[in-house]
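Biologist: Could you walk me through this structure? I'd like to begin with whatever term we need for the helices, and then move through the rings and the sheet.

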Amino acid sequence: MAYLFIKEIAEKTSAEEVIIIVSTLLKDLNSDNELFRANSLRVLSRILDASLLSQTERYIKQAIVHKNPIVASSALLCGLYLLSVSPEAIRRWSSEIGQSLNYTDEMVQYHGFLLLFAMKRNDRLALAKLVAQLQQRLPSSPLAVCQLLRAAILLLREDPAQELRPALFDLLVKCLRHANDMVAFEAARAFLRFPDLTEAELSPAVNMLQIQLGSSRAANRFAAVRLLHELSRRNPASVASCNGDLEVLAGDANRSIATLAISTLLQTVDEARYPRGDALTDRIDGLLKQLNGTMADLDDEFKQLLVRSLLSLTEKFPEKVSAILAFLGSLLRCEGSEALKTAIVDTLIAIMHAIPAAMEPVLLQLCECIEDCDFPRVIIRVLHVLSAEGAAAVAPGRFTRFLYNRVILEGAAVRAAAIQALGRFAERVPAVRRGVETLLRGSLSDENDEARERAVAALVALRNLDAQRGVETGKPKPGKLDAGNLRERLLAAREQNVETIDFEHLPAVIAKPRREEAAAAACSSPRESLSVPRESSQSCVLEQAEFAAFGSVVRSSPAVRLTEAETEYAVSVRKHVFARHVVLEFSVENTIEGQVMTDVTVQLALRDGDAACWTPLLALPAATIPWGCAGTCFAALGFDPAGGVPEAAFGATVKFVAKDVEEEELDDVDAIEGFEEEYPVEDVLLSFPDFVARPAVSDFRAAWSEAGEAQGEAVEKVTLPFEDVETAVKQIVEVMGLAPMEGSERVPMGATNHTLLLAGRVLGETLVMARCQVILSQQYGCVLKIAVRSQDPELTQTVLSLVQ
């Protein structure tokens with residue numbers, strides 16, 4: 001106890017008193033009592049500095065080779081602590097520290113290797129020499145061997161030429177057969193972190209773990225099934241051979257083991273063994289039923305593992321989404337921690353994004369969740385999703401009730417989020433706009449300042465939206481009444497002998513359509529005006545039979561203008577990228593009065609890019625575009641994805657036959673002779689962001705760790721020309737084309753340090769993840785620290801180049 005007391009007060013003692021304490025401890029170093037010597041060494045390690053170390057260095061070196069293991073171990077730990085104080089002095093003890101590896105006591109060996117590893121960690125050649133030396137004759141200490149395996153994996157990650165790979169692989173195989181179970185499991189764990197292993201190379205570790213599944217010790221079974229579960233998330237095929245043993249463990253008395261076994265089986269369901277059909281359905285239903293029986297006795301940590309495994313199962317078997325959603329819904333209704341609820345909600349949202357058909361049941365389950373949830377963060381997350389995705393559901397008005405319930409039943413933070421969600425939902429669903437405005441007016445008297453301010457902001461946004469879209473608001477207001485409509489109403493009042501002429505008593509008159517509106521209504525294919533580029537869905541492309549063989553759309557980009565808004569022909573383009581094709585959707589608006597455009601196509605010419613990668617396939621023209629209307633034409637291109645992302649620039653020219661037509665001749669356009677015209681527009685650019693799809697990632701941090709274990713990461717630091725963090729984050733998301741994860745695109749007001757999480761699947765296949773830290777300082781300005789991880793090193797460098 002005296003030594004512990006001295007250690008605690010020494011850091012707050014003056015330098016003169018520390019010298020006295022050190023001299024007292026040095027006397028104990030020469031004591032005949034071994035416990036006094038060991039404890040004095042441990043205390044000295046915490047209070048010595050570089051100047052005092054020279055006085056005690058000789059005594060510590062003698063203690064390292066002391067015959068008593070307690071003294072030797074304490075001296076090695078003392079050196080480990082002092083390494084950060086004076087590394088050069090500790091390196092002079094290499095000879096004595098090396099002798100500790102031959103010590104008979106296992107703990108001394110372990111502490112000796114720890115100190116050697118800490119000394120040589122930043123010297124790859126020295127560390128490789130140490131690992132090679134111990135590989136020939138392994139230490140007798142299991143702890144030292146485990147640390148040796150971790151050093152070997154660290155060496156392998158820092159070896160770009162892979163020169164050490166064969167020798168380190170042999171070391172892992174050798175340790176799999178070690179007599180100590182701890183060493184064997186550490187070797188199997190190292191196999192999981194060994195990069196680029198084939199299924200055949202993984203087989204020794206899988207075989208060892210399969211043997212341990214039948215162990216009589218519960219700890220061994222748990223360790224084996226947990227490692228197999230981790231392996232199944234990246235390489236399910238390699239674990240399929242263990243399915244028989246895992247099915248036995250699914251009924252294990254230990255609930256943790258049974259749960260991990262079922263979770264692993266869910267990720268390794270073998271289609272060859274259970275073909276799609278009744279057998280597969282029965283198998284998955286049986287596993288989910290077993291899970292229901294074990295969930296009550298599990299910790300939340302294991303429940304989160306199960307939830308993440310269900311996401312991968314849904315992606316493999318979309319037809320089982322209803323059963324999986326039912327299971328997640330029952331789990332969501334049970335008691336659980338905030339971390340578990342968040343994991344379930346994130347998984348449901350990821351399933352909704354990955355499988356569009358699951359949108360309705362997922363949204364309903366999220367609505368049920370917030371009705372009985374005690375965690376404000378989870379409720380706010382769900383409110384944001386409902387406001388963003390609810391508008392696309394069938395009968396979206398039913399979600400208004402769930403949003404408004406949070407306004408009247410929850411705390412201030414949730415009320416403010418619900419008010420904002422109501423406003424955004426009403427912006428997307430015009431049918432509920434009037435009712436929502438009434439509900440929001442009730443929040444203007446809320447006791448919370450934030451809630452009142454958000455209610456005001458939402459009402460102002462809705463009124464501005466009504467003004468922009470020309471929505472009729474009922475009774476006309478002075479100063480905002482259309483002059484033409486006012487004239488018609490005054491004439492009607494005179495004809496009806498209305499005595500009181502004011503806005504309250506003016507008769508309602510249906511406004512006559514303008515000439516431009518009548519012409520637009522007469523168009524065979526009316527289109528929205530291109531004064532603002534429209535944000536159409538993918539349905540326009542998918543409805544074309546010519547594009548049916550292209551497969552599913554990887555990404556559809558927003559509309560981009562190719563001309564100025566005031567030109568005679570307003571042209572914009574939307575890019576729809578498939579796995580091996582690109583469809584360009586051109587929208588052309590004719591603004592020349594008295595002219596009709598017929599047989600409208602867009603001719604493309606490659607200006608920048610690899611011509612060998614691109615193949616023109618077909619062009620679909622717009623038959624007729626009357627003046628004041630817009631039409632759509634398509635151009636399809638094929639590309640070869642083998643060479644990576646095929647960035648290119650295409651020159652575009654609108655070609656059409658122009659015909660001068662009077663209004664009464666609109667029905668006989670085909671009989672009128674026209675003349676051919678060409679109208680060049682700006683180039684169409686296909687860049688890296690156009691080929692990146694949003695991934696289904698429920699847990700970014702877990703996916704980030706897996707990506708790092710597979711290929712490592714590339715890191716870069718860049719100075720950005722922005723004056724605030726929010727602008728920098730918006731530009732980073734736009735330039736990189738990756739999707740923000742976990743709401744990290746939202747920057748707190750006035751923030752000077754923000755972390756942005758991004759992820760995307762290039763061409764819908766290769767996952768690319770980025771972790772961006774934006775720092776704003778007076779000295780360096782706006783600095784971006786970015787780390788990128790991917791299964792493809794070339795893609796990693798490509799993403800880094802986007803911000804350089």
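Modeller: Helices here are DSSP runs of H or I with at least four residues, numbered from the N terminus, and please keep in mind that this is a predicted model.

Biologist: Good, so which ring pair sits in helix H31, and how many residues apart are the two?

Modeller: They are phenylalanine 700 and tryptophan 704, which lie 4 residues apart in helix H31 (residues 700-711) and are therefore separated by about one helical turn.

Biologist: Are those two buried or exposed?

Modeller: Phenylalanine 700 counts as buried at 1% relative accessibility, and tryptophan 704 is buried as well, with a relative accessible area of 6%.

Biologist: Stepping back, how many helices and strands does the chain have?

Modeller: The secondary structure comes to 33 helices and 16 strands, in a chain of 804 residues of which 49% are buried. The exposed area of the chain is about 39,700 Å², with carbon and sulfur atoms supplying 51% of it.

Biologist: And what share of the contacts is long-range in sequence, say at least 24 apart?

Modeller: If you take the contacts between residues at least 6 apart in sequence, 65% of them join residues at least 24 apart.

Biologist: Back to rings, then: how many aromatic pairs turn up in the whole structure?

Modeller: The search finds 12 aromatic pairs. One of them is formed by tryptophan 614 and phenylalanine 639, a tilted pair with 5.6 Å centre to centre and 50 degrees between the planes. This pair links distant parts of the chain, since tryptophan 614 belongs to strand E6 (residues 614-620) and phenylalanine 639 to strand E8 (residues 630-639), 25 residues apart. Tryptophan 614 is buried at a relative accessible area of 8%, and phenylalanine 639 is buried at 6%.

Biologist: Why does the pair of phenylalanine 700 and tryptophan 704 get called stacked?

Modeller: The ring centres of phenylalanine 700 and tryptophan 704 are 5.9 Å apart and their planes meet at 20 degrees, so the pair is stacked, given that planes under 30 degrees apart count as such.

Biologist: Which residues make up the aromatic cluster?

Modeller: One aromatic cluster is formed by Phe547, Phe550, Phe578 and Phe634.

Biologist: Which arginines have a ring beneath them?

Modeller: Arginine 58 lies over the face of tyrosine 59, at 4.5 Å from the ring centre, and the charged end of arginine 401 sits over the ring of phenylalanine 402, 4.2 Å from its centre.

Biologist: New topic: what is the strand order in the open sheet?

Modeller: The order is E7-E5-E9-E10, an open sheet of 4 strands with antiparallel pairing. Strand E7 (622-625) and strand E10 (675-686) stand at the edges with a single partner strand each, so one side of each has no neighbour in the sheet. On average, neighbouring strands of this sheet are turned by 30 degrees against each other, direction ignored.

Biologist: How many bridges hold strand E9 and E10 together?

Modeller: Strand E9 (residues 648-660) pairs with E10 over 10 bridges in the antiparallel sense, and the bridge partner of phenylalanine 650 in E10 is valine 684.

Biologist: Last one, what does leucine 154 touch beyond its sequence neighbours?

Modeller: Leucine 154, which lies in helix H10 (residues 142-157), is in contact with Phe117 and Arg121 once neighbours within four places in sequence are left aside. The C-alpha atoms of leucine 154 and arginine 121 are separated by 9.1 Å, although the two are 33 residues apart along the chain.

Definitions and conventions:
Residues are numbered from 1 along each chain as its sequence is written. This is a predicted model: local features need pLDDT of at least 70, side-chain atom pairs count only at pLDDT 80 or more; totals for chains, interfaces and linings use all residues. Side-chain values use heavy atoms; hydrogens and water are left out. Buried means under 20% relative accessible area, exposed over 50%, partly exposed in between (1.4 Å probe, protein chains only). Contact means heavy atoms within 4.5 Å. Accessible areas come from the Shrake-Rupley method with a 1.4 Å probe; for residues, only the protein chains shown count as cover. Rings of Phe, Tyr and Trp (its six-membered ring) pair if their centres lie within 6.5 Å; planes under 30 degrees apart count as stacked, over 60 as edge-to-face and the rest as tilted. A charge sits over a ring if NZ of Lys or CZ of Arg is within 6 Å of the ring centre and within 35 degrees of the ring normal. Two strands pair if DSSP finds at least two bridges between them. Axes are lines fitted to C-alpha atoms, for helices over the stretch in contact, and angles run from 0 to 180 degrees between N-to-C directions.
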